[in-house]
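Work through the following exercises with the sequence and the model side by side, and try each task before reading its solution.

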Amino acid sequence: MPASVFSAFFVFTFITAITPGPNNILALTTGSRAGLRGSIPVLAGICGGFLCVMAICGVLSISFSVLSASFLQVMRYVGSAYLLWLAWKTAMPKAGGNSGGRAGAGFMTGFVLQFVNVKIMVYGMTAYSAFILPYHDSIVALLAGMCFLTMMGSLGTVVWAVAGASLQSVFQRHACVVNGLLGAMLVGCAWSLLDQ
């Protein structure tokens with residue numbers, strides 16, 4: 001891969017990983033409610049699911065030149081429904097449900113989110129089809145791409161969890177407003193999936 005293409009690839013992955021999306025909003029919410037240590041299960045779920053989805057995207061990119069439009073349409077609806085459920089859970093946390101400083105989101109919440117998160121599917125398919133496969137079409141390139149994409153996505157999510165944990169006292173003082181804003185951001189993510 002030429003240096004100019006690699007630099008464009010790095011910028012693409014960095015910007016996609018750090019911008020708001022379902023993973024980052026869930027990480028921010030969990031970090032603000034449970035702190036960094038309490039958000040480890042959901043971060044592990046996000047990372048594990050992300051790796052699986054990147055593997056699937058790599059295989060599909062090799063198998064098909066473009067992901068089926070009907071599959072993406074179904075995933076938009078499924079993903080939007082899941083994001084709306086997460087928005088409800090974020091905006092309307094149970095009273096006293098934060099026992100011991102733990103948030104309700106755990107490994108499975110983060111893991112399952114990846115399989116309905118169209119943002120990372122598009123991220124993976126774009127990265128493989130535009131940056132990786134035109135230059136390297138081996139299994140080694142597929143595995144290296146999968147690991148790199150997962151690492152970048154996971155780093156972005158960890159940054160958001162750290163931000164949530166760092167601003168935990170601010171979020172707790174203004175919990176209703178913060179939870180409402182984060183829930184609204186997830187509704188915005190769901191709307192953007194349907195509006196494509």
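**Exercise 1. Place V11 in its helix and decide whether it is buried, partly exposed or exposed.**

V11 is found in helix α1, which covers residues 3-18; helices here are DSSP runs of H or I with at least four residues, strands are runs of E with at least two, and both are numbered from the N terminus. The model is a predicted one, in which local features need pLDDT of at least 70 and side-chain atom pairs count only at pLDDT 80 or more, while totals for chains, interfaces and linings use all residues. Residues are numbered from 1 along each chain as its sequence is written, and side-chain values use heavy atoms, with hydrogens and water left out. The next step is to class the residue: buried means under 20% relative accessible area, exposed means over 50%, and partly exposed lies in between, with a 1.4 Å probe and protein chains only. Because its relative accessible area is 44%, V11 is partly exposed.

**Exercise 2. Describe helix α6: its span, its N-terminal cap and its buried residues.**

Start with the span: α6 (residues 118-132) has 15 residues and reaches 20 Å from its first C-alpha to its last, close to the expected 21 Å, the expected value being 1.5 Å times one less than the number of residues. Then look at the N-terminal end, which N117 caps through a side-chain oxygen that lies 3.1 Å from the backbone nitrogen of K119. Finally, list the burial: among the buried residues of α6 are V118, I120, M121, Y123, Y128 and F131.

**Exercise 3. Find which residues touch the most other members of the largest nonpolar core, and which helix gives the most to it.**

A nonpolar core is a set of buried Ala, Val, Leu, Ile, Met, Phe, Trp, Tyr and Cys residues joined through side-chain atoms within 4.5 Å. The largest such core has 21 residues, of which F9, V53, M54, C57, Y123, Y128 and L149 touch the most other members. At least two residues each come from α1, α3 (40-63), α6 and α7 (139-166), and α6 gives the most, with 8 residues.

**Exercise 4. Compare the burial of G153 and A163, and find how far each lies from a partner distant in sequence.**

G153 lies in helix α7 and counts as buried because its relative accessibility is 5%; its C-alpha is 7.6 Å from that of T13, although 140 residues separate the two in sequence. A163 also lies in α7, but A163 is partly exposed because its relative accessible area is 30%. A163 and L28 are 135 residues apart in sequence, yet 6.6 Å apart in space, C-alpha to C-alpha.

How values were computed. A polar contact is a pair of N or O atoms within 3.5 Å; within protein, one must be able to donate a hydrogen and the other to accept it, and residues adjacent in sequence count only if both atoms are side-chain atoms.
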